[in-house]
Amino acid sequence: MSNQDETPENRLRRELPEEVTAEPSAAAAGASEEPPQLTGRQRLVNGLWPPRVTRAQLIVAVLLFGLGFGLAVQVASNSDSDSALRGARQEDLVRILDELDDRTQRLADEKQGLEKQRDELENSSDQAEEARKQTVEKEKQLGILAGTVAAQGPGITMTIHDTKGAVQADMLLDAIQELRAAGAEAIQVNGVRVVAGTYLTDSGKSVSVDGNKINTPYRFKVIGKPQDLEPALNIPGGVVQTLEKEQATVTVERSDKIIVDALRAAKRPDYARSSSQ
């Protein structure tokens, strides 16, 4: 057949390449495959990791951690105290019990004294005069507590020799607090009167009391019941043992007459006034 006899359709078919059947691509084949089935353990792991923590959950976790830490510290502190008492000698335990009984008795005596004052005011024929007497007596008592008047009475003298300079302000403050708890009514340290607002700070190898530098030996003059004050300092793990661990020498002497004559200037409050004015 000549080229002239060929129809346009045959010519076009001859010129075009043969049709090739397209093979499915690997991506299409992969897409048609079903995803692998996960086991229960794998689904659990996928649900737990990575963790999805909200801000509220994080805050709760931090609070719970702080609470747990505080409880642990409290338990450890109580365990240390119990261990100290468990290892104490019988006579030390008896002394501690006697001290607690003495404190209870002091509170009972104070309550009885207040009730007596109330009864005297209620039964006195001249209530105004009785009230004035009690006011004057109360003023003297408050003057002793405020350090504006001198005081004398039975008590103890505690002397601390610190040759190594290891005694710090917090140790002396512990001694003052222990003496107050044992019923001390007036305290003087190396010529400085101790009052409710007294503060102690370290000053090199010495200590300052209300800004007044004092040097060793530290001498405490304390007015109160000697039978209560001395045992309070000598309880196991108390003031004396703590100071002796720092290689300080502590002596405590009882006396029927202790004079506390260091005075504090009476300071008028800047803002507070009596409610009766």
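How many helices and strands does the chain have? Some notes from going through the structure, with most of the attention on D210 and the strands around it.

1. **Overall make-up.** Keep in mind that this is a predicted model. The answer to the opening question is 9 helices and 8 strands. The chain runs to 277 residues, and 23% of them count as buried.

2. **Surface and contacts.** About 20400 Å² of the chain is exposed, with carbon and sulfur atoms supplying 54% of that area. As for how the chain meets itself, take the contacts between residues at least 6 apart in sequence: 75% of these join residues at least 24 apart.

3. **Strand 4 and strand 5.** Strand 4 covers residues 200–203 and runs antiparallel to strand 5, with 4 bridges joining the two. One pair to look up is L200, whose bridge partner in strand 5 is V209. The two strands make a hairpin with 2 residues between them, and G204 there takes a positive phi near 70 degrees.

4. **The two faces of strand 5.** Look along strand 5 and you'll see S206 and S208 pointing one way, while V207 and V209 point the other way. Are these residues buried or exposed? All of them are buried, serines and valines alike.

5. **Strand 5 and strand 6.** The next pairing is antiparallel too, with 3 bridges between strand 5 and strand 6. V209 turns up again here, standing opposite N212 in strand 6. These strands also form a hairpin with 2 residues between them. D210 sits in that turn and has a positive phi of about 55 degrees.

6. **Where D210 sits.** To place D210 in sequence, find the loop between strand 5 (206–209) and strand 6 (212–214). Why does D210, a turn residue, count as buried? Because its relative accessible area is 14%, and the cut-off for buried is under 20%.

7. **What D210 touches.** The D210 side chain has two polar partners worth checking on screen. It makes a polar contact with the side chain of T198 at 3.2 Å, and it reaches the backbone nitrogen of Y199 at 2.8 Å. Setting aside neighbours within four places in sequence, D210 is in contact with R193, G197, T198, Y199 and R264.

8. **Putting it together.** If you open just one region, I'd pick this one. Strand 5 pairs with strand 4 and with strand 6, and V209 is matched with L200 and with N212. D210 lies in the turn of the second hairpin, with its side chain in polar contact with T198 and with the backbone nitrogen of Y199.

Technical notes
Residues numbered from 1 in each chain as written. Predicted model: local features only at pLDDT ≥ 70, side-chain atom pairs only at ≥ 80, totals over all residues. Heavy atoms only, no water. Buried < 20%, exposed > 50% of the residue type's maximum accessible area, 1.4 Å probe, protein only. Contact = heavy atoms within 4.5 Å. Areas by Shrake-Rupley, 256 points an atom, 1.4 Å probe, with all protein chains shown as cover. Polar contact = N/O pair within 3.5 Å; in protein donor to acceptor, adjacent residues only side chain to side chain. Pairing = 2+ DSSP bridges.
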